[in-house]
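I opened a new notebook page for this one. Below is the thing I was looking at, followed by what I looked up.

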Amino acid sequence: MREVKLEPTFISYNAGISACEKGKQWQRALGLLSEIEMREVKLEPTFVSYSGGINACRNCMQWQRVLGLLSEMREVKIELNSVSYSAGISACEKCNQWQRALGLLSEMRDVKMEPCVTSFTAGMSAYVKGGQWERALGLISEMHAADVQPTFVSYTAGIRAFGQIEQWQVACSLLSEVWEARMKPTVTCCTIGITACGKQGEWQHALSLFMKMQHDSLEPTQYSYTGVISALGRRGKWQHALSMFLHSWQDNVGPDAFSLSATIRALVVGLSRSPAKQRVPQYAIDMPRTSNLWSP
């Protein structure tokens with residue numbers, strides 16, 4: 001446009017910023033924003049201009065730049081909406097700036113703006129990263145109260161977050177909501193729930209999730225099996241743990257070092273609680289020797 005001496009307009013600038021956003025060229029997007037302000041015939045950036053720059057920076061994990069652009073919008077009296085706030089919350093949350101993310105969420109409430117599903121989801125992850133999982137759970141209740149339908153992404157974020165901090169009850173509850181909403185959880189989500197149950201020895205819940213996976217034609221992974229084996233082993237259910245281990249062999253899923261270690265621990269814990277006359281089956285004794293995991 002400059003070579004043929006055509007003057008860029010708002011439309012062309014915004015289109016350029018949008019293209020930079022999609023191409024993850026945040027520096028160029030900010031350069032176009034600055035150029036708008038520095039023109040001799042000055043053009044004021046619009047809401048669309050700033051939104052493109054914010055999204056470009058967010059996509060490239062430039063949370064400081066996002067906050068800077070939000071601040072500029074306030075200075076030039078451009079009203080922020082839920083999408084603007086959500087972009088800021090999401091950028092901060094992804095960069096582990098959970099305090100700043102929650103600050104933006106609080107600001108939304110202060111200006112009487114109803115958070116959208118994206119801001120709820122990012123806020124929930126931010127709360128968990130900040131160790132405030134009770135408040136994160138409260139956001140899920142707020143979503144329902146505000147008639148904001150959680151999306152698959154929302155549920156996935158919640159399951160991941162609560163699974164990582166071993167809040168197995170919440171993770172399992174969210175998985176149940178996914179099924180009730182007639183969504184199909186991923187293998188990863190189910191495995192996170194199983195693993196959280198496994199670490200707490202909640203073998204009934206771990207096994208229930210495992211069976212639901214199979215019912216939904218989701219193929220369990222080595223980690224799925226390990227989670228169930230671990231749960232069974234913690235409660236002294238060594239026969240069932242051994243059965244799951246052998247079942248993973250039959251399904252050509254494993255074993256791997258983790259599932260083998262979990263099975264051995266289950267045998268040790270289980271037999272320490274069993275009568276002296278109870279003995280380990282010969283195939284379980286031979287198992288470590290026949291497994292190629294012990295090969296150099």
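My entries go from the whole chain to helix pairs and then to single residues.

**Entry 1: the whole chain**

I reminded myself before anything else that this is a predicted model. I started with the secondary structure: the protein has 16 helices and zero strands. Next I checked burial, and 45% of the 296 residues turn out to be buried. I also looked at how far along the chain the contacts reach. Taking contacts between residues at least 6 apart in sequence, 61% join residues at least 24 apart. For the surface I noted about 15,900 Å² exposed, with carbon and sulfur atoms supplying 53% of that area.

**Entry 2: helix 13 against helix 14**

I wanted to see how neighbouring helices sit together. Two packed helices are described by the angle between their axes and the distance between the axes, so I looked up both values. Helix 13 covers residues 222-234, and it packs with helix 14 at an angle of about 165°, the axes being 8 Å apart. An angle over 145 degrees counts as roughly antiparallel, and therefore I wrote down helix 13 and helix 14 as roughly antiparallel to each other. Their crossing is left-handed.

Which residues make the contact between helix 13 and helix 14? From helix 13 I listed Tyr225, Val228, Ile229, Leu232 and Gly233, and from helix 14 His240, Ala241, Met244, Phe245, His247 and Ser248. Sorted by class, the contact of helix 13 with helix 14 has seven nonpolar residues, four polar ones and no charged ones.

**Entry 3: helix 14 against helix 15**

I moved one helix along. Helix 14 (residues 238-250) packs with helix 15 (residues 257-272) at about 160°, and their axes are 8 Å apart. That makes helix 14 roughly antiparallel to helix 15. I checked the handedness here too, and helix 14 passes helix 15 in a left-handed crossing. On the helix 14 side the contact is made by Trp238, Ala241, Leu242 and Phe245. Helix 15 brings Ser259, Leu260, Thr263, Ala266, Leu267, Gly270 and Leu271. By class I noted eight nonpolar, three polar and no charged residues for the contact of helix 14 with helix 15.

I flagged Ala241 and Phe245 of helix 14: they are listed in the contact with helix 13, and they are listed again in the contact with helix 15.

**Entry 4: Thr226**

I went back to helix 13, where Thr226 sits. Is Thr226 buried or exposed? Its relative accessibility is 13%, so Thr226 counts as buried. Leaving aside neighbours within four places in sequence, I found Thr226 in contact with Asp256, Phe258, Ser259 and Ala262. Ser259 had already turned up in my list for helix 15.

**Entry 5: Leu209**

I picked Leu209 in helix 12 (residues 203-215). Leu209 has 5% relative accessibility and so counts as buried. What does Leu209 touch, leaving aside its neighbours within four places in sequence? I wrote down Cys172, Leu175, Trp179, Cys190, Gly193, Ile194 and Cys197. For Cys197 I also noted the spacing: it is 12 residues from Leu209 along the chain, and their C-alpha atoms are separated by 9.5 Å.

**Entry 6: the loop with Glu166 and Gln167**

Then I turned to loops. Gln167 is in the loop between helix 9 (152-164) and helix 10 (168-180). Gln167 is buried, its relative accessible area being 17%. Not counting residues up to four places away in sequence, Gln167 touches Trp133 and Phe162.

Glu166 lies in the loop between helix 9 and helix 10 as well. At 30% relative accessibility, Glu166 counts as partly exposed. Its backbone caught my eye: phi of Glu166 is positive, about 60°, although Glu166 is not a glycine. Most residues other than glycine have a negative phi.

**Entry 7: Asn96**

I noted a positive phi for Asn96 too, near 60°, again in a residue other than glycine. Asn96 is in the loop between helix 5 (82-94) and helix 6 (98-110).

**Entry 8: Gln149**

My last stop was the loop between helix 8 (133-145) and helix 9, where Gln149 is found. Gln149 is exposed, with a relative accessible area of 52%. Not counting residues up to four places away in sequence, Gln149 touches Val117 and Tyr155. I looked up the Val117 pairing: Gln149 and Val117 are 32 residues apart in sequence and 7.3 Å apart in space, C-alpha to C-alpha.

How values were computed:
Residues are numbered from 1 along each chain as its sequence is written. This is a predicted model: local features need pLDDT of at least 70, side-chain atom pairs count only at pLDDT 80 or more; totals for chains, interfaces and linings use all residues. Side-chain values use heavy atoms; hydrogens and water are left out. Helices (H or I, at least four residues) and strands (E, at least two) are DSSP runs, numbered from the N terminus. Buried means under 20% relative accessible area, exposed over 50%, partly exposed in between (1.4 Å probe, protein chains only). Contact means heavy atoms within 4.5 Å. Accessible areas come from the Shrake-Rupley method with a 1.4 Å probe; for residues, only the protein chains shown count as cover. Axes are lines fitted to C-alpha atoms, for helices over the stretch in contact, and angles run from 0 to 180 degrees between N-to-C directions. Angles under 35 degrees count as roughly parallel, over 145 as roughly antiparallel, 65 to 115 as roughly perpendicular and the rest as oblique. A crossing is left-handed if the near helix is turned anticlockwise from the far one by less than a right angle, and right-handed if clockwise. Ala, Val, Leu, Ile, Met, Phe, Trp, Tyr, Cys and Pro count as nonpolar, Asp, Glu, Lys and Arg as charged, and the others, Gly among them, as polar.
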